[in-house]
Every structure is written in structure tokens, then in C-alpha cells.
Amino acid sequence: MNLLDPAALAQSFPHDFLWGVATSAAQIEGAALEDGKGASIWDHFCRQPGRINDGSNIDIACDHYHRFREDVALMRGLGLDCYRFSFSWPRVQPLGRGGWNEAGFAFYDRLIDELLEAGLQPHATLYHWDLPQALDESIGGWLSRDIVTCFADYATEVARRFGDRLASIATHNEPWCTATLGYETAQFAPGHTSRAESLQVAHHLLLSHGEAIAAMRAVTKARLGIVLNHTPSFPATPAEADRRAARIDDGLNVRWYMDPIFRGAYPADAFEFVGADAPTVEAGDLARIRQPLDFLGINFYTRSLFDAQGKAVKGPGKRGFTDMGWEIVPEVFAQHLVRLAREYNPPPMFITENGMANADRVVDGRVADTERIAYLSSHLQALATAMSLGADVRGYFYWSLLDNFEWNSGYDKRFGLVHVDYATQRRLLKDSAHWYRDLVARHHARR
Ligand code: FCB
């Protein structure tokens, strides 16, 4: 099959498979303090010198708060079925507990209406990393067990107000990143450097997930789930020590979340490995975490390789690397999805993120991002293979609709199907957007 031919690829997916794109509030909305929004830990983090590579902030970002109609029209033009976005917690509850901000809710109300009118299913995420700064200052954010109740209250309020119009609600986006990059490696807000903190945070994230799912069940029939990032771990060499390092990393990245959520237990090998850094777990916590879910969202970008010291090393990159330096490994994507299906028998899965940063340039009014088309097509081919081998995947969301604020990398890394000129906020469809539109159209024609 010619991988770049969308017609051939479209044939590989069942007729009811869904096509979408994903974004998150902090990365695109802007309007950082408008209409009563509270500051988030990312608004705060951006103000700290040296945290963001290009020294930028998210005051304006893609100005989506004011341009959402234009952005929804872009998605409609691409013929997509669905859109994954996130609620900004401090926009709707500035202090993270107590009073609601009606103007903030009104924005999501307008956005959801606009999506439904455009024939796009709205898929929401409750927490994509923008914790209310006030909650970090008042209780220590995710370090405090008290946050579990705050999060469940916030989740319930969103589900109560919007559940009947949302196709799905995910509690967390990538809790591994929230915990590890936020509290252990300091790459992300709030920028702490303690493994013990990171693992306690992970436990509170998991518990808040379970409590929020249970609470939302009482008020909505929307499909409920969680989004996990999986970066499968491999040994750098066949040596036993490398294999063990990869196995431990798998325990900390994949199984640390999958096992409590689907099996009600932490992975014994990784738990033992972290020793005194292991979290405090109270009686009954694991049962609360293991709630029945309607879907599992998987975000896949790359893999990691580990040497005997447990250090990540650069892979051979047979298909190259993205602009993030991430090795392109679509075959690992297929293999991993099949593993999840076999080992966990999860609920229906969605690929809630997959995509690449590329050094895109506008030349004569066009962005010829052939690298992204190759990335997309090879990953979709891998996805079709995984599905034929038993992985139950119902839809795919490309990350991202727009170039946007890529966290500590700032605006340098471009992941969008649509190019954004930040000086003018002009949107321009890249060649990959045209290619994706073509694929979706061919697939729809077979429905
Ligand atoms: C994921 C995040 C998303 C984006 C992509 C590139 O880890 O969920 O917000 O930054 O990576």
C-alpha cells in the first residue's frame, strides 16, 4: 500500500471510526486573566525567569478565547467528527474551591454550542495541567490529600452543567506528566524536584480520578474515562541490567497508572524499587481508584531506551526524530496497543493524542510539511494494524489542531495541522491539514 495515499489508508478503518484533533486550554486560550479567570500554576510558572525556553507566556497564546468561532470553522472545514479540548479549572473556579465564575462557564457554553452546531462531538478533559494557582498556594496543590475533594467537586459541577452535551469527559490528561515533570524533574509547573513528592502527587491524582468518576456518574450519562501518556520503555542493549532498567521504567510510566486504575494495585516491582519514596496509601484508596470506565484515552508519541544505570539514551532513529528530538517509531505504537489489549482488556480506547513537532516554514503562503504527513500516515497504518490484532480503538485525535504553547518549550515547537503566525494570529492550513481532510473525506464516503 502507498502509505501516503489517503484513499488506501481510509479503507483500513471501520466505518464508524471517529476522526478529530486535540488541544488544551492553557496552550491555546489566552485571556489569562479575563472575565474573572483566576491565575493557573502555568501563568505563574511562565513569570519565573528561566522556566520557559523562549521566555514566553500564555497571556495571549492562540487567542482562542476570542477566536474560537474561527477555530471551530477550521475543524468543520476539515470535515472532522470530533474535537478534544480541556476546561481551564481556574477559569470556572478561580480559587479552585468555593465560588464558580459564571463568565468562565459561559465561554465553554458558547464553545460547546458552536461545536454541536458544526456537527463536531465535544470531548472534554477536566485537568490538562492548569491548576488554580490559589490552590497551590493555599493547600500545596496536588501534594495535599485535600485536593481530592476539590477536584471531585469541580468535576461534578462541569458534568452537571455540560454532561448532556459532551460526548465524553476525561478526568486527567497524562497524570505521569503532572506528577513527574511537575514535581520531580521541574520541567513543568509547579517546578519541584522530589521523587517522593511526585509519587504522592501521582497517588492523589489517581484518587481524585476515582472520586471524580464516582461523583460524575451520579449526575451525567456522558462517557467517562482518563487519558494516559504511554512512552514504552526498551533496553538499550540485550544485557539483563538494561532490561531491568526498562522494566522499572515501564512500571513507573505505564503500570503505575494502568495497574491501580484497572487492577486495583500498584505494580509490586516498581513500588519496591522506589523504596522510601513510595506514597502514603490509605486503606480503601485503591478500591476507590478502580472505577469502571467507559473509555481509555492513550497519548502516544515515542519510546524510551534505557541503559544499565537506568539512564535514558537516544535511540537509533531509523525513521528519524521529530523537532522535539523524539524518535519516530510507529511500529512501537502498534505493538503497545496490542499489549494493552492483551494485558488489561481495557474499555474501548481512543488515541487522544499523537503527532509531531516539525520545523515548519511558510514559503509562498504554504507550509509543505511532508514530514508530518509521513508521521501521520505511518502511525495511522500502525493503528490499523493494532486494531486488526485485537486493539479496540474507536477514534483518533491528532495533536494538535493549531501550533500552540508547547509548555516549557514555549512557541518554538510547532505541532499543528494549522500554522499560527503569533504576531497576527493568522491561521494557515499546512499541507498535512489538507492531507488529513482528504483522508477523513475518503473514509466518510465509505459510511
Ligand atoms: C502531551 C501533552 C500535550 C502536548 C503534547 C505534545 O504530553 O498532553 O499538551 O504538549 O504532549
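Modeller: Before we start on this predicted model, one cut-off will help: a residue is called buried when its relative accessible area is under 20%.

Colleague: Happy to use that. What makes helix α9 count as mostly covered?

Modeller: Helix α9 spans residues 175–183, and eight of its nine residues are buried. Those eight are P175, C177, T178, A179, T180, L181, G182 and Y183.

Colleague: Which elements do the buried residues of α9 pack against?

Modeller: There are strands and helices among them: β3 (121–127), β4 (168–173) and β5 (223–229), along with α7 (133–139), α10 (195–217) and α11 (240–263).

Colleague: Now to L95. Why is L95 called exposed?

Modeller: Exposed means over 50% relative accessible area. L95 has 54% relative accessibility, so it counts as exposed. You will find L95 in the loop between α5 (89–92) and α6 (102–117).

Colleague: What does L95 touch, not counting residues up to four places away in sequence?

Modeller: L95 touches P132, A134 and L135. As for W176, it sits 81 residues from L95 along the chain, and their C-alpha atoms are separated by 24 Å.

Colleague: Let's turn to the ligand. How do you know that Q27 makes a polar contact with the ligand?

Modeller: The cut-off for a pair of N or O atoms is 3.5 Å. A polar side-chain atom of Q27 lies 2.8 Å from a ligand oxygen, within that limit. The side chain of E174 passes too, with an N or O atom 2.5 Å from an oxygen of the ligand. W407 also qualifies, its polar side-chain atom lying 2.9 Å from a ligand oxygen.

Colleague: How much of the ligand does the protein bury?

Modeller: The protein buries 95% of the 290 Å² that the ligand exposes when taken alone. The residues around the ligand include H128, W129, N173, Y301 and E353. By class, that shell has five nonpolar, three polar and three charged residues.

Colleague: And the protein interior: which residues touch the most other members of the largest nonpolar core?

Modeller: W42, L383 and Y436 do, in a core of 130 residues. Apart from it there is another core, of 15 residues, with A170, A357, F397 and F415 among them. F415 is also one of the residues around the ligand.

Colleague: What is L383 in contact with, leaving aside neighbours within four places in sequence?

Modeller: Its partners are F13, F17, F333, L337, I351, V393 and Y396. As a general rule, nonpolar side chains in soluble globular proteins tend to be buried together.

Definitions and conventions: Residues are numbered from 1 along each chain as its sequence is written. This is a predicted model: local features need pLDDT of at least 70, side-chain atom pairs count only at pLDDT 80 or more; totals for chains, interfaces and linings use all residues. Side-chain values use heavy atoms; hydrogens and water are left out. A residue is near a molecule or strand if one of its heavy atoms lies within 4 Å of it. A polar contact is a pair of N or O atoms within 3.5 Å; within protein, one must be able to donate a hydrogen and the other to accept it, and residues adjacent in sequence count only if both atoms are side-chain atoms. Accessible areas come from the Shrake-Rupley method with a 1.4 Å probe; for residues, only the protein chains shown count as cover. Ala, Val, Leu, Ile, Met, Phe, Trp, Tyr, Cys and Pro count as nonpolar, Asp, Glu, Lys and Arg as charged, and the others, Gly among them, as polar. A nonpolar core is a set of buried Ala, Val, Leu, Ile, Met, Phe, Trp, Tyr and Cys residues joined through side-chain atoms within 4.5 Å. Buried means under 20% relative accessible area, exposed over 50%, partly exposed in between (1.4 Å probe, protein chains only). Contact means heavy atoms within 4.5 Å. Helices (H or I, at least four residues) and strands (E, at least two) are DSSP runs, numbered from the N terminus.
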